[in-house]
Structures are given as C-alpha cells and as structure tokens.
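Me: I am new to this structure and would ask for a close look at a single part of it. Please begin from one residue, work outward to the element that holds it, and then set that element within the whole chain.

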Amino acid sequence: MSTLEAGEVAHHLAASYATGFGEEGRAWIAGLPALAATMLERWDLERDGTARGGEASLVLPVLRPDGTPAVLRLQMPRQETTATLIGLRTWNGKGIVRLLDHDPMSSSMLLERLDGARTLASINDDDVAMSILAELHARLVAVPAPQGLRSLGDIASGMLDQVPQALMRLADAADRQALRSWASAVAELAGEPGDRMLHWDLHYDNVLAAQREPWIAIDPEPLVGDPGFDLWPALDSRWDDVVAKGDTLRIVRRRFDLLTDVLGLDRARATGWTLGRLLQNSLWDIDDGETRLDPSSVAIADSLLAR
C-alpha cells in the first residue's frame, strides 16, 4: 500500500489552508500524509492514481478490497464539511456522488469514483449543458432538507448586517448603488427564506460523467433555503466563454430562463435571491480587500434586471 508523500500536496491547497485558517490550516496540511495513511489502512484501500487537490480538499483515487474504484477525500473538519456529509447521506446517491463511508472524527470521506476528466463543461452546446444541469438541480432540491444545516434566513440576516460597513469600502458610486439594490432585494425576501436543501455550488465543473448515470453532481455545500439562491454558480459557468461570445445579456437570460423553467421557480423571486447571492459574493470579496464589485456580478445583475 503506497502512502501519500508531502510533496504530492498541491501548492494551491496548502496556500488556501494557510490563508484561510492560519496556523491551524498549516498544521492540518502538515498532517495530511499521516491522515491519508490512517484512512488507507482503516478502509483497506490501495492507491490507484495521482493525488488531486482543490481549494478545500485532497482527493486520492483508490481501490476498495473487492477492486471497486473509489476516491478518498480528505478535508479539515468544519461546518461546511459536516453539511456535506449530511447532504450526501440525505441525497443517497440520487443525482449526486454516492458516499460509501466516512470517518466522523477526521471528516474523511470515501466516495464513488466518477470520470474526473469529463465535466459538463465539455459539452459545447450551452443549452444542452444547462438543461442537464437544470434537471440535476431539480432532482436535488426536490429532496426535503434534514435537520442540522444552516438556514438561508440566518445567512440573509448576517449579510444585511454587513452591508453598511461594506458600502464604505467601495470606491465607486455605481458599485455602492448596486450593492444597496441587491441588499434591498434580500431584505424583501428574507422573511421567506425557503425550505429546500440546496447544493450551493452547482456549476459545470461540479458535474461529472459517470457509468451509474450519465451525469452526477459533486462537491455540495448544503444549506436550507430557496432554490433561487442556488442559481448563480450555473449562470456564472464558463464565464470567460460567455464574455468572449459578446452577447452576455442574452446568454445569462437564456440560462436563467432554462433554470427557472425546469425548477418551476417564480422568476421575480428567483431574480431577487440571485441578487442575494451576488451580494454574498461581493461581501466576501470586500472582506478580502476588494474595493470594486466583480464585473461578472454586475453583468449578471444587469442581465436579470434589464428585462
């Protein structure tokens, strides 16, 4: 059984943990080889490929004792990781990657292996890709939300509390007016935050090809709320391609209409919650030191409001 070497931990994963969690994050990264060895031994797994790392986790392709391909996902225990486990157990493989086993202490997960080399972004026809994503999305939000997840109501309240200070950090008057507008949309909807279980990060690169089903979602960050709050990652998918086509307004509106049609959403309400998602992203950016709104957020807002 081959273990994980320290040099296999991707630099961007180590940097993400150092930036986000400081000394705790650096210590967790340093302990990754030992954690990997422990989980490989506990579940009697054999490594079967190169380690991959995102912003939040390290993934090892493995073989189970019966030869079944799987992946070992290692991430630091935190609220988001607990939510992922709750979501995966509740969805139970219906449209989403199947959880095979997990370790509550370390938050390590053993997941079914999908085709990591082929994402939904590989489909050139945007209408086809967006329709596939929308159908998956509809299946996921149809599952009643369990106990133990964060509520969009609480998140919305927290965002509104941050707006006054964030406004003072924006350098441009137009940006300040946009942020106020997005906050007003959230304030109007905050009393009815919704009760569905949301994926929260469903975009083209988080949908992989598979054998069990043609396409399966991965990497959920579940919370309870209105599906309208869950549309932004899809609208923002392959954004550089959207901009390059020079028809941003039409493409965003087309994507939005496809999503809301398939999910059966009220478009005015879905627009409001999408503005709420843009508000959330902007507040994060401002907290990280940005003084201007992201151009893609402004473009998406303009596309939905100028109808």
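Reply: When neighbours within four places in sequence are left aside, the residues in contact with Arg253 are Ser303, Ala306 and Arg307. The model in which these contacts are found is a predicted one. Arg253 has its place in helix α9, and that helix is the part examined here. In space, the C-alpha of Arg253 is 6.5 Å from that of Leu304, although 51 residues separate the two in sequence. Is Arg253 buried, partly exposed or exposed? Its relative accessibility is 24%, so Arg253 counts as partly exposed, since a residue must fall under 20% to be called buried.

The helix itself may now be described. Helix α9 runs over residues 248-263, which makes 16 residues. From first C-alpha to last, α9 reaches 22 Å, close to the 22 Å expected at 1.5 Å a residue. The end of the helix is followed by a glycine: just after α9, Gly264 takes a positive phi of about 65°.

Which residues of α9 are buried? The list begins with Thr248, Ile251 and Val252. It continues with Arg255, Phe256, Asp257, Leu258, Leu259 and Thr260, and ends with Leu263. Arg255 and Asp257 are thus among the buried residues of the helix, whereas Arg253 is partly exposed. What covers these buried residues? The cover includes α4 (126-141), as well as α7 (232-235) and α8 (239-244). It also includes α10 (267-287) and α11 (295-305). The contact of Arg253 with Ser303 can be read beside this, as α11 spans residues 295-305.

One of the covering helices, α10, leads on to another part of the chain. Helix α10 covers residues 267-287, and Ala185 is in contact with Gly272 and Leu275 when neighbours within four places are left aside. Ala185 has its own place in helix α6, residues 173-189. The C-alpha atoms of Ala185 and Leu279 are 9.7 Å apart in space, with their positions 94 residues apart in sequence. Ala185 is buried, its relative accessible area being 13%.

A second covering helix, α4, offers a similar path. Helix α4 takes in residues 126-141, and Leu140 is among the residues in contact with Ile96 beyond its neighbours within four places. The other contacts of Ile96 include Leu88, Trp91, Glu112, His199 and Arg212. Ile216, Ala217, Ile218 and Pro220 are also in contact with Ile96. This residue is found in the loop between α3 (79-91) and β5 (99-103). Because its relative accessible area is 0%, Ile96 is buried. The C-alpha of Ile96 is separated by 9.5 Å from that of Leu208, 112 residues away along the chain.

Leu208 also serves as a reference point for a strand residue. Ala117 lies in strand β7 (residues 115-119), and its C-alpha is 8.0 Å from that of Leu208, 91 residues away along the chain. Ala117 is exposed, with a relative accessible area of 76%.

Two loop residues merit mention beside Gly264. Most residues other than glycine have a negative phi. Asp44, in the loop between α2 (32-42) and β1 (46-47), has a positive phi near 55°. Trp200 likewise has a positive phi, near 80°, and lies in the loop between β8 (196-198) and β9 (207-209). Trp200 counts as buried, at 6% relative accessibility.

Finally, the chain as a whole gives the setting for α9. There are 11 helices and 11 strands in the chain. The radius of gyration is 20 Å, close to the 19 Å that the globule rule gives for 307 residues, so the chain is as compact as a globular protein of that length. Along the principal axes, the C-alpha atoms fill a box of roughly 60 × 40 × 40 Å. Buried residues make up 50% of the 307. Among contacts between residues at least 6 apart in sequence, 72% join residues at least 24 apart. The accessible surface amounts to about 13900 Å², with 49% of it belonging to carbon and sulfur atoms. The chain carries 30 positive and 46 negative charges, and the mean positions of the two sets are 3 Å apart.

Methods. Residues are numbered from 1 along each chain as its sequence is written. This is a predicted model: local features need pLDDT of at least 70, side-chain atom pairs count only at pLDDT 80 or more; totals for chains, interfaces and linings use all residues. Side-chain values use heavy atoms; hydrogens and water are left out. Helices (H or I, at least four residues) and strands (E, at least two) are DSSP runs, numbered from the N terminus. The expected span of a helix is 1.5 Å times one less than its number of residues. Buried means under 20% relative accessible area, exposed over 50%, partly exposed in between (1.4 Å probe, protein chains only). Contact means heavy atoms within 4.5 Å. The radius of gyration is taken over C-alpha atoms; the globule rule is 2.2 Å times the number of residues to the power 0.38. Accessible areas come from the Shrake-Rupley method with a 1.4 Å probe; for residues, only the protein chains shown count as cover. Lys and Arg count as positive and Asp and Glu as negative; His and the chain ends are not counted. The place of a charge is taken as NZ of Lys, CZ of Arg, CG of Asp or CD of Glu.
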